[in-house]
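Before reading on, please take a moment to look over the chain as a whole. The paragraphs below begin with the way two helices meet and then turn to the domains and the nonpolar cores.

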Amino acid sequence: MSELASRRILLGVTGGVAAYKAAELARLLVKAGADVQVVMTEAATRFVTPVTLQALVGRAVLTDMWDASVPNNMAHIEASRDREIVVVAPATAGFLAKLAHGFADDLLSALCLARECPLLVAPAMNRQMWEHPATQRNVATLRADGVAVVGPAAGDQACGETGLGRMSEPADIYAELVALLAPKTLAGKRVLVTAGPTFEPIDTVRGITNLSSGKMGYAVAQAAAEAGAEVTLVSGPTALPTPPRVARVDVTTAREMRDAVLARAPGTDIFIAVAAVADYHVVGAKDHKIKKRAGEAPTLTLAENPDILGEVASLPRPPFCVGFAAETENLREYAQAKRKKKGIPLLAANLAQEAFGADDNALTLFDDHGEHVLPRAPKIRLARELVGHIARMLAPR
Ligand code: PMT
């Protein structure tokens with residue numbers, strides 16, 4: 001089931017070119033099973049018709065403060081009362097100014113003022129308007145008032161200029177809604193995650209690495225942040241963007257990863273080791289490119305890398321440690337042996353041939369109570385289930 005199934009969302013649309021993207025956001029929300037009420041400002045209706053949005057969400061769009069169809073004629077109060085969140089996308093510079101100063105002269109601004117649920121805004125405007133000190137002051141005021149802000153993004157603008165001010169993509173606004181509505185099961189917890197491969201140099205241009213993309217580890221970091229944790233992600237080389245609200249530390253080798261992790265382990269509540277750490281590094285890696293000589297193959301001498309998870313688990317006051325294991329066969333047997341050897345309470349096992357680089361995965365969790373199968377699903381969904389499992393294991397009984 002989707003994360004937003006049955007969630008009651010009010011989508012506010014204000015008058016900017018990006019209003020056409022509100023239709024795509026509405027479609028994504030409805031596809032996810034959310035119950036969506038759309039409210040448009042008069043200016044928004046100049047860009048997209050209410051009929052379009054009504055057709056997408058399957059219920060009448062509200063535009064008028066004086067809408068007589070609302071039984072008590074109090075649309076500005078009623079519209080948000082049964083909603084779990086209000087999202088305004090796009091939010092123009094003018095609308096942000098109104099919100100920051102508490103103006104309530106149309107239905108959408110009035111219901112934002114009267115609401116009891118969280119508010120997310122997705123600013124969209126010309127780059128000069130975004131950079132103007134007045135807009136920046138207004139956004140700072142809104143943040144201080146507890147309003148969540150997603151974007152804006154940088155890029156080509158409808159006015160022909162290029163810069164910061166484009167509305168975030170509907171998929172990013174959707175992800176932000178998922179994060180804001182997620183149960184805060186790890187609130188107040190500090191979580192440290194490792195992700196990706198490590199790269200062990202042979203010389204300045206060659207090295208030993210593996211096929212980890214970082215997708216599983218980044219998804220775990222994102223899911224922990226969504227659950228309200230303060231998350232640090234120690235990442236080997238990947239091509240992935242940092243998940244929102246996650247602090248990222250980039251490393252290359254296993255020994256660098258170890259140093260970055262051990263420096264942060266004190267004060268960490270939960271350590272989740274998802275990285276595929278290289279087991280060996282090359283002794284005497286060269287600080288220049290090794291010259292190829294015909295008929296001669298160099299011999300590499302390897303030395304074992306530190307066991308990062310093992311070291312963290314053996315600290316005098318270790319965090320709650322979660323390991324991963326990728327095996328090509330005998331998954332259950334090898335995973336259970338690995339959990340015992342590392343002395344950790346929880347281990348997530350996956351099949352290497354299905355997990356490395358893929359968008360989907362399947363996990364089996366091993367803990368003191370036995371095994372829990374998480375069937376094949378996108379990595380972010382599995383990560384959320386894993387985080388839920390950790391939160392339940394840590395919850396006071
Ligand atoms: O990055 P993706 O493409 O999304 O792929 C995800 C993944 C397959 C890499 C991930 O799901 C996974 O299984 N990671 C663990 C890979 C593995 O088999 O690790 P391992 O058996 O070498 O190590 C077991 C555990 O000890 C792991 O938690 C590992 O992070 C940790 N470890 C291992 C070696 C080492 N020197 N230090 C460690 O901390």
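When the directions of two helices are compared, angles under 35 degrees count as roughly parallel, those over 145 as roughly antiparallel and those from 65 to 115 as roughly perpendicular, while the rest count as oblique. In this predicted model, the axes of helix α10 (residues 215-226) and helix α15 (residues 379-394) come within 8 Å and cross at roughly 50°; α10 and α15 are therefore oblique to each other. The crossing in which α10 passes α15 is right-handed. Among the residues that meet there are Met216, Ala219, Val220 and Ala223 on the side of α10, and Ile380, Leu382, Ala383 and Leu386 on the side of α15.

The domain assignment divides the protein into domain 1 (8-181) and domain 2 (190-284 + 295-391), and the C-alpha centres of domain 1 and domain 2 lie 38 Å apart.

In soluble globular proteins, nonpolar side chains tend to be buried together. Here the largest nonpolar core has 36 residues, and those with the most contacts inside it include Leu11, Val13, Val38 and Leu53. Several elements each supply at least two residues of this core, among them the strands β1 (8-13) and β2 (35-40) and the helices α3 (50-57) and α9 (170-181), whereas the largest share, seven residues, comes from α1. Leucine 53 shows how such contacts reach across the sequence, for beyond the residues up to four places away it touches Val13, Ala22, Ala23, Ala26, Val38, Met40, Val48 and Val61. Apart from this core lies another, of 35 residues, which includes Ala221, Ala225, Ala227 and Val322.

How values were computed
Residues numbered from 1 in each chain as written. Predicted model: local features only at pLDDT ≥ 70, side-chain atom pairs only at ≥ 80, totals over all residues. Heavy atoms only, no water. Core = buried A, V, L, I, M, F, W, Y, C linked by side-chain atoms within 4.5 Å. Buried < 20%, exposed > 50% of the residue type's maximum accessible area, 1.4 Å probe, protein only. Helix = DSSP H or I, 4+ residues; strand = E, 2+ residues; numbered from the N terminus. Contact = heavy atoms within 4.5 Å. Domains from an automatic or database assignment. Axes fitted to C-alpha atoms, helices over the stretch in contact; angles between N-to-C directions. Left-handed = near helix turned anticlockwise from the far one by under 90°.
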